[in-house]
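Here's a quick tour of a few pieces of this fold, written for someone at the bench. Have a look at the structure first, then read on.

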Amino acid sequence: MTNHLAAALGLDDAARHDRRFATLEDGRDYTFGAVDDVSSRFATALIALGVKPGDRVAVQVEKSIEALMLYLGTIRAGAVFLPLNTAYTPTEVAFFVEDAEPALLVCDPSRAEALAPVAAKTGARLETMGVWAADGADHGSLFAHVPQTAAPVTAPRGPDDLAAILYTSGTTGRSKGAMLSHDNLASNARVLVETWRFTADDRLIHALPIYHTHGLFVASNVTLAAGGELIWMAKFAPAPVIAAMGGATALMGVPTFYTRLLAEEGLTPEVCRSMRLFVAGSAPLLAETHRQWQARTGHAILERYGMTEASMITSNPYGGERRAGTVGFPLAGVSLKVTDPESGADLAQGEIGMIRVKGPNVFRGYWKLPEKTAEELSTDGWFITGDLGLIDDRGYVQIVGRGKDLIISGGFNVYPKEVESEIDRLPGVVESAVIGVPHPDFGEGVVAVVVPEDGAAREAEAIIAPLSDRLAKFKQPKRVIFADTLPRNTMGKVQKKALRETHAALFTD
Ligand code: AMP
């Protein structure tokens, strides 16, 4: 048996050893030969440290190419990679470590002291890993275990064996560990290479974090599978991304990348001359951003939809029309349907309901939560995404929002996206977030949090009055709150739970 994912990513493909896999910010070139070598050396170190096939390797470290090699080394050793958001506090990390019981916990040197107690409590071995520095500065204890040379490591792993556990971002509830198999990741990489036409000639700007499915799997696995190249950036910043575009072909980003790039004068059709593809996902891209981007650069952003539990699910077409405000069609091999949230019955085209998906991308369940898994993943393979949406008259999928963000006011369903779209069209509005908060008469009252343009008047009436002939009365905001920004997590998702908490007593105080 081979190692299913390692083979799909071509890790030991000797034919491409001399070609470049990544250009790093410190000027180093990283070849595919180095990927093969360093990932095998990490795998050798893990095995020497007692990591066995199926063991979890929990990792909370800064983004670096070595951290990516640690992911690949974990796969090669047959273990299960468990990346953790660098923003999580030691208390939050302790929850994940206690839940996942990893054999090894790798953290930044600055966190070692705070995490030592939870490692000791759970029996995890603790090692540290900073960003590797040529000058020999302290880059952590793990490197001391990595041998100078190692034979290629490929622990046999089949399609159904676990490759990773990713905890959901938990914007609507407690984080759950999504178990992803080798074939979940391999099949998704393969279909995205085809759908987005990635080849060995591509040079992808990689400015996403690598603790999340977008930067870790979509961007990295697709490039590895296609034999293309990464232009590696530790963090996103608009100016370096624009500077890199001249020598790049593709960018994958969350919507905030695009709004921040649009704020730069340097974004012109000329700097995009070698670019062939701009992909957006992980949070809704405003239709307005899509239009502005096209006007400024001549390129239509390709929006896709995915989630931790199911990797990528839909994509706008590469060849056909990329419709603003939609996430396109199900990927090849993926089935999607819209169902009644209560009865589960299929709904007609155009009706809003719960999105369910099925396919080789759908995860194996939630770690140690068989009941939660049974609620959301049926025995015939359909997964209840928790997203509400519809299929439009041309088959494009539209996401209306998370089911948990649905507002029920006076017994009527209010889809926040519908109200937000109307508000966002008003002059002087940058963006908005519509939430439901407890209301003594209506159960929930609709509240709009609005970000006005600089200098625009902050008058609630200027928002509510124009909506009166566009939205039914029960959908209109009962209160408008102006804010300078919306709270977002690192993937650009608006944190509605935080907004609901902030404004919880608005109608009851
Ligand atoms: P995560 O598991 O952190 O990747 O979050 C997945 C969730 O992000 C999905 O269930 C959607 O609610 C949301 N999401 C991802 N991509 C899009 C998109 N293109 N448009 C709207 N929502 C999206």
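## Helix α3 and what follows

Right after α3 comes glycine 78, with a positive phi near 85°. Keep in mind that this is a predicted model.

The helix itself runs over residues 65–76, which makes twelve residues. From the first C-alpha to the last, α3 reaches 16 Å, close to the 16 Å expected at 1.5 Å a residue.

How many of the residues of α3 are buried? Twelve of twelve, so to speak: α3 is mostly covered. The buried set includes charged-letter names like Glu66 and Arg76, along with Ile65, Leu68, Met69 and Tyr71, among others.

## Helix α8

Helix α8 spans residues 238–245, and its buried residues are Pro238, Val241, Ile242, Ala244 and Met245. Look down the axis of α8 and these buried residues fall within an arc of 160°, so they line one face of the helix.

What do they pack against? The buried residues of α8 pack against four strands, β9 (203–206), β10 (229–232), β11 (250–253) and β12 (277–280), plus helix α9 (255–262).

## The four-stranded sheet

Over in another part of the chain, four strands make an open, antiparallel sheet in the order β16-β17-β18-β19. At the edges stand β16 (335–339) and β19 (397–402), each with a single partner strand, so one side of each has no neighbour in the sheet. From one strand to the next, the twist averages 45°.

β16 pairs with β17 (residues 353–358) over five bridges, in the antiparallel sense. Valine 338 has isoleucine 355 in β17 as its bridge partner.

Technical notes
Residues numbered from 1 in each chain as written. Predicted model: local features only at pLDDT ≥ 70, side-chain atom pairs only at ≥ 80, totals over all residues. Heavy atoms only, no water. Buried < 20%, exposed > 50% of the residue type's maximum accessible area, 1.4 Å probe, protein only. Helix = DSSP H or I, 4+ residues; strand = E, 2+ residues; numbered from the N terminus. Arc of directions from axis to C-beta. Contact = heavy atoms within 4.5 Å. Pairing = 2+ DSSP bridges. Axes fitted to C-alpha atoms, helices over the stretch in contact; angles between N-to-C directions. Expected span 1.5 Å × (residues − 1).
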